[in-house]
Amino acid sequence: MDVKEFITWADFEKIEIRTGTILTADDFPEAKNPSFKLKIDFGVLGVKKTSAQITKLYSKEELIGMQVVAVVNFPPKQIANFMSECLVLGAINDKKEVVLLQPNMKTENGQRIA
């Protein structure tokens, strides 16, 4: 596995990685790859939408109420007919399935990851 080029601490500080709780999970049949449309509550930062290719490991029902980690300061990105406002983070396993990153203890929504 290759490691990308080094970044500085200042580079890292530009990335807003926050905790949020999934409010809704809906099918996204228009996406190129099987995905869900998610609405995530980031506390004082508000509710943001995203799509996630997580249908192999997660059901819509189990996602509701799950606290996740996401980058919230990317510019909005059009995915099919949907505007994604954040990027949920996950580890990609050997089967190319996304395993969502979660805090191991409940935090307030919108808490910054450092």
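Q: Hi! Which strand gives the largest share of the lining of the largest pocket?
A: That's β3, with three residues of the lining. Keep in mind that this is a predicted model.

Q: Which other strands help line the largest pocket?
A: Along with β3, the strands β5 (77-79), β7 and β9 (98-100) each supply at least two lining residues.

Q: What's the volume of the largest pocket?
A: About 690 Å³.

Q: And how many residues line it, and which lie nearest the centre of the largest pocket?
A: There are 26 lining residues, and Ser51, Ala52, Gln53, Ile79 and Leu87 lie nearest the centre.

Q: How does the lining of the largest pocket break down by class?
A: You get 13 nonpolar residues, seven polar ones and six charged ones.

Q: OK, back to β3. Where does β3 sit in the open sheet?
A: The open sheet has five strands in the order β3-β2-β1-β4-β7, with antiparallel pairing. β3 is an edge strand, as is β7, and each of them pairs on one side only.

Q: How many bridges join β2 to β3?
A: Six, and the two strands run antiparallel. One of the pairings puts Lys37 with Ser51 as its bridge partner in β3. Ser51 is also among the residues nearest the centre of the largest pocket.

Q: What about the turn between β2 and β3?
A: These strands form a hairpin with five residues between them. Gly43 sits in the turn and has a positive phi of about 60°.

Q: Which side chains of β2 are buried?
A: Phe36, Leu38 and Ile40 are, and they point to one face. Lys37, Lys39 and Asp41 point to the other face and are not buried. That fits the general pattern: in a regular strand the side chains alternate between the two faces of the sheet.

Q: Let's pick a residue in β3. Is Thr50 buried or exposed?
A: Thr50, which lies in strand β3 (residues 47-52), has a relative accessible area of 1%. The cut-off for buried is under 20%, so Thr50 counts as buried.

Q: Which side chain does the Thr50 side chain make a polar contact with?
A: It's the side chain of Ser84, at 3.1 Å. There is also a backbone atom to look at: the oxygen of Cys86 lies 2.7 Å from a polar atom of the Thr50 side chain.

Q: What else does Thr50 touch?
A: Not counting residues up to four places away in sequence, Thr50 touches several residues, including Phe36, Leu38 and Ile40. Those three are the buried side chains of β2. Leu87 and Val88 are also among the residues that Thr50 touches, and β7 covers residues 87-88.

Q: Switching to β4 now. Why is β4 largely enclosed by the rest of the structure?
A: Because five of its five residues (67-71) are buried. Gln67, Val69 and Val71 point one way, Val68 and Ala70 point the other way, and all are buried.

Q: Which strands does β4 have bridges to, and how many?
A: Five bridges join β1 (residues 17-27) to β4, and two bridges join β4 to β7. Both pairs run antiparallel. Val71 is a handy one to click on, as it stands opposite Ile17 of β1 and opposite Leu87 in β7.

Q: And what is the pairing of β1 with β2?
A: β1 and β2 pair in the antiparallel sense over six bridges. For one of the pairs, look at Asp27, which stands opposite Phe36 in β2.

Q: Last one: Arg18. Is Arg18 buried or exposed?
A: Arg18 is buried, with a relative accessible area of 17%. This arginine is found in strand β1, and Arg18 stands opposite Ala70 in β4.

Q: What polar partners does the Arg18 side chain have?
A: The Arg18 side chain makes a polar contact with the side chain of Glu16 at 2.5 Å. In addition, the backbone oxygen of Gly110 lies 2.7 Å from a polar atom of the Arg18 side chain.

Q: Which other residues is Arg18 in contact with?
A: Leaving aside neighbours within four places in sequence, the contacts include Phe42, Leu45, Val68, Gln111, Arg112 and Ile113.

Q: How far is the Arg18 C-alpha from that of Glu108?
A: They are separated by 9.8 Å, with the two residues 90 apart along the chain.

Key: Residues numbered from 1 in each chain as written. Predicted model: local features only at pLDDT ≥ 70, side-chain atom pairs only at ≥ 80, totals over all residues. Heavy atoms only, no water. Buried < 20%, exposed > 50% of the residue type's maximum accessible area, 1.4 Å probe, protein only. Helix = DSSP H or I, 4+ residues; strand = E, 2+ residues; numbered from the N terminus. Pairing = 2+ DSSP bridges. Polar contact = N/O pair within 3.5 Å; in protein donor to acceptor, adjacent residues only side chain to side chain. Contact = heavy atoms within 4.5 Å. 1 Å grid on protein atoms, 1.4 Å probe; cavity = no way out; pocket = protein on both sides within 12 Å on 5 of 7 lines; lining within 4 Å. Points joined across faces, edges and corners; volume = space filled by probe spheres on them. Nonpolar A, V, L, I, M, F, W, Y, C, P; charged D, E, K, R; others polar.
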